[in-house]
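Good morning. I have one structure to go through today, and I will start from a loop and work outwards to the whole chain.

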Amino acid sequence: GFDGAEGWAKVFDAADRDAWQKPDAVLDAMALSETSIVADVGAGTGYFSARLAKRSPKGRVYAADVEADMVRYLGERAKREGLSTLVPVQSSPDDPKLPEAVDAVLVVDTLHHIEGREAYFVKLRDKLRPKGRIYIVDFSADATMGPPAKHRLSVEDVVGTAKKAGLVLVAQQKLPQQYLLAFGRADGN
């Protein structure tokens, strides 16, 4: 489990994370506007949520997490850092529970925790605004950190599952320890 948000913040928001996570490269790939509506699914302590809120200061960022303590922490972080557009969302294991359609969904280091990924992808797809994108960042097979190898998802597995959910790969990028995959609706909308 991931309860005890203050303890996890020391891990998730560690000073050395930027070096391997490359948050600016991920956010640059998302090409957000200052009014973008974005969901950070599996937001944890808000490592990406806070950055997203700064990139889209006139938009909204739904920071969704299944852990109630993380959701509490996200709300406190938003207040502490003056991020009025960051909105914590209590999600469930099978539903992100996004309150409105979004321009982009970011799922970092979380997809391998989700069971029923195809159905989950459908729920994310159905919450995309026209031309919206879903961005998946997770650990590659050859990463020297991250979850045990048996819990990692290959690019091929993620792409195959997304395809079954009516999504198509539109961009791919390699990060030092991870991959970044961008998906759009297969119908082009």
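**Two loops, one hairpin, one chain**

K97 sits in the loop that links strand 3 (86–90) to strand 4 (102–108). Before I go on, please note that this is a predicted model. How exposed is K97? The relative accessible area of K97 is 44%, so it falls in the partly exposed class. What is the sign of phi at K97? Phi there is positive, near 55°, and the residue is not a glycine. As background, most residues other than glycine have a negative phi.

There is a second case. D109 also has a positive phi, about 55°, and is not a glycine either. This residue belongs to the loop between strand 4 and helix 6 (117–126). Is D109 buried or exposed? With a relative accessible area of 16%, D109 is buried, because the cut-off for that class is under 20%.

Now to the end of the chain. Strand 6 (167–174) and strand 7 (178–185) are joined by a loop that contains Q177. The two strands make a hairpin, with three residues between them. They run antiparallel and are joined by seven bridges. Two of the pairs, for anyone following on the screen: Q173 has L180 of strand 7 as its bridge partner, and A171 has A182 of strand 7.

Which way does strand 5 run relative to strand 7? Strand 5, residues 128–139, is antiparallel to strand 7, and six bridges join them. In that pairing I134 stands opposite F183 of strand 7. Strand 7 therefore has bridges to strand 6 and to strand 5. How many of the residues of strand 7 are buried? Eight of its eight residues are buried, so the strand is mostly covered.

Back to the hairpin loop. Q177 is buried, because its relative accessibility is 13%. What does Q177 touch, leaving aside residues up to four places away in sequence? Its contacts are W20, F139, S140, A143, T144 and M145. One of these, F139, is in strand 5, which covers residues 128–139.

Past strand 7 there is a further segment, and D187 is found in it. D187 counts as exposed, because its relative accessibility is 54%. In sequence D187 is 20 residues from L167, but the C-alpha to C-alpha distance between them is 8.1 Å.

Now the chain as a whole. It has seven helices and seven strands. Their order from the N terminus is α-α-α-β-α-β-α-β-β-α-β-α-β-β. The radius of gyration is 15 Å, close to the 16 Å that the globule rule gives for 189 residues, so the chain is as compact as a globular protein of that length. The C-alpha trace spans about 40 × 35 × 30 Å along its principal axes.

What share of the residues is buried? Of the 189 residues, 49% are. Taking contacts between residues at least 6 apart in sequence, 70% join residues at least 24 apart. The accessible surface is about 8800 Å², and carbon and sulfur atoms account for 53% of it.

Last, the charges. There are 26 positive and 27 negative ones, and their mean positions are 3 Å apart.

That is what I have. I can put the loop with K97 back on the screen for discussion.

Key. Residues are numbered from 1 along each chain as its sequence is written. This is a predicted model: local features need pLDDT of at least 70, side-chain atom pairs count only at pLDDT 80 or more; totals for chains, interfaces and linings use all residues. Side-chain values use heavy atoms; hydrogens and water are left out. Helices (H or I, at least four residues) and strands (E, at least two) are DSSP runs, numbered from the N terminus. The radius of gyration is taken over C-alpha atoms; the globule rule is 2.2 Å times the number of residues to the power 0.38. Buried means under 20% relative accessible area, exposed over 50%, partly exposed in between (1.4 Å probe, protein chains only). Contact means heavy atoms within 4.5 Å. Accessible areas come from the Shrake-Rupley method with a 1.4 Å probe; for residues, only the protein chains shown count as cover. Lys and Arg count as positive and Asp and Glu as negative; His and the chain ends are not counted. The place of a charge is taken as NZ of Lys, CZ of Arg, CG of Asp or CD of Glu. Two strands pair if DSSP finds at least two bridges between them.
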